[in-house]
Amino acid sequence: MTETERTLYDTLYVMSETELPLIFKGALVTKAILENNSYSETERLTKDIDVNWVGDPPSMEILTCAIDECVTKVNPAFKAVAFRDYGANRAAGFKIIDRNTNEVSFKIDVDMRSVTGKKTYYFGDISFSGVLPSEIIADKIVVSSSPLIYKHRAKDMIDLYALTHCVDVSLIETLTICKQKGNSIQDFDGFRNHRAETEHAYDKLRGVEGKPDFQVVYGHLTNFLMPFMNDIDRSLVWSCGRGEWYDSTPKRQRSMRR
């Protein structure tokens, strides 16, 4: 863990100890999921905190004061400066600046959209409330289905690769989450037909320890994304242990469908 990540988790802990209606998401939650499942083959470093505010959105002034109070508890030299107001499909953005150096130490994004569920995560000596693994995976599938996968979000390939090695995934649950959040799964044109651009974006990724070869990641994700790419809607479950999909429908019901 880097010094920055230790600071991020300290901040996350302080924020989670308040009465603010916060549910964390993003790379720090992904890291906790992998840690809780003893997965250590790959590790993507991060320099920000992503969190959802659940309930009626506060004013930017109140939100800025709340974030500032939290970060100064972590380090009295820190101050929170808002650089982006929240809006439709846009998170509020804060730069956490060190008063001594006037440099940005990290960033915090606060989203006002609802989440589909939450659970308690443990990382080292801290615990916090975060979104479900299924929601994180659903979001990364949506990104993988869009041109963003080779334009700005190749990092999601690493996260999806790692998560699908330690988390079982229900196809129907994932499709339901996408529908609930209003996220449309696109045609995977970028993933399928812009492989060279996707590989180039992947190879440019920095801050990833144990980054697998692109061909390994691409082959694995091709198998995992298959039912989404082919618009299948059945009771399939991805087994992280076997690295494949299987039909979870009871045998009797399967025979009745034939």
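Helices and strands here are DSSP runs, numbered from the N terminus. With that naming in hand, let's walk through this predicted model.

**Stop 1: threonine 46**

Select threonine 46 to begin. You will find this residue in the loop that joins β2 (43–44) to β3 (48–53). Is threonine 46 buried or exposed? Its relative accessibility is 8%, and buried means under 20%, so threonine 46 counts as buried. Now show side chains: the one on threonine 46 makes a polar contact with the side chain of aspartate 48, at 3.2 Å. To see what else surrounds threonine 46, add Thr4, Glu5, Leu8, Ala27 and Leu28, which it touches once residues up to four places away in sequence are set aside.

**Stop 2: asparagine 102**

Next, move to asparagine 102, in the loop between β5 (92–98) and β6 (103–111). Check its backbone torsions here. Most residues other than glycine have a negative phi. Asparagine 102 is not a glycine, yet its phi is positive, about 65°. Turn on a surface and look again at asparagine 102: its relative accessible area is 57%, over the 50% cut-off, so this residue is exposed.

**Stop 3: the α4 and α7 pair**

Now select residues 133–144 for helix α4 and residues 171–181 for helix α7. Two packed helices are described by the angle between their axes and the distance between the axes. For α4 and α7, that angle is about 75° and the axes lie 9 Å apart. The two helices are therefore roughly perpendicular to each other. To display the contact, show Ser134, Glu135, Ala138, Asp139, Ile141 and Val142 on the α4 side, and Glu173, Thr174, Ile177, Cys178 and Lys181 on the α7 side. Colour these by type and you get 5 nonpolar, 2 polar and 4 charged residues.

**Stop 4: phenylalanine 188**

Follow the chain on from α7 into the loop before α8 (189–193), where phenylalanine 188 lies. What is the phi of phenylalanine 188? It is positive, about 60°, although the residue is not a glycine. Phenylalanine 188 has 0% relative accessibility and so counts as buried. Which residues is phenylalanine 188 in contact with, leaving aside neighbours within four places in sequence? Select Ile141, Ser144, Ser145, Leu225, Phe228 and Met229 to see them. Ile141 is already familiar from the α4 side of the helix contact.

For a last view, draw a distance from the C-alpha atom of phenylalanine 188 to that of arginine 84. These two residues are 104 residues apart along the chain, and their C-alpha atoms are separated by 30 Å.

Key: Residues are numbered from 1 along each chain as its sequence is written. This is a predicted model: local features need pLDDT of at least 70, side-chain atom pairs count only at pLDDT 80 or more; totals for chains, interfaces and linings use all residues. Side-chain values use heavy atoms; hydrogens and water are left out. Helices (H or I, at least four residues) and strands (E, at least two) are DSSP runs, numbered from the N terminus. Buried means under 20% relative accessible area, exposed over 50%, partly exposed in between (1.4 Å probe, protein chains only). A polar contact is a pair of N or O atoms within 3.5 Å; within protein, one must be able to donate a hydrogen and the other to accept it, and residues adjacent in sequence count only if both atoms are side-chain atoms. Contact means heavy atoms within 4.5 Å. Axes are lines fitted to C-alpha atoms, for helices over the stretch in contact, and angles run from 0 to 180 degrees between N-to-C directions. Angles under 35 degrees count as roughly parallel, over 145 as roughly antiparallel, 65 to 115 as roughly perpendicular and the rest as oblique. Ala, Val, Leu, Ile, Met, Phe, Trp, Tyr, Cys and Pro count as nonpolar, Asp, Glu, Lys and Arg as charged, and the others, Gly among them, as polar.
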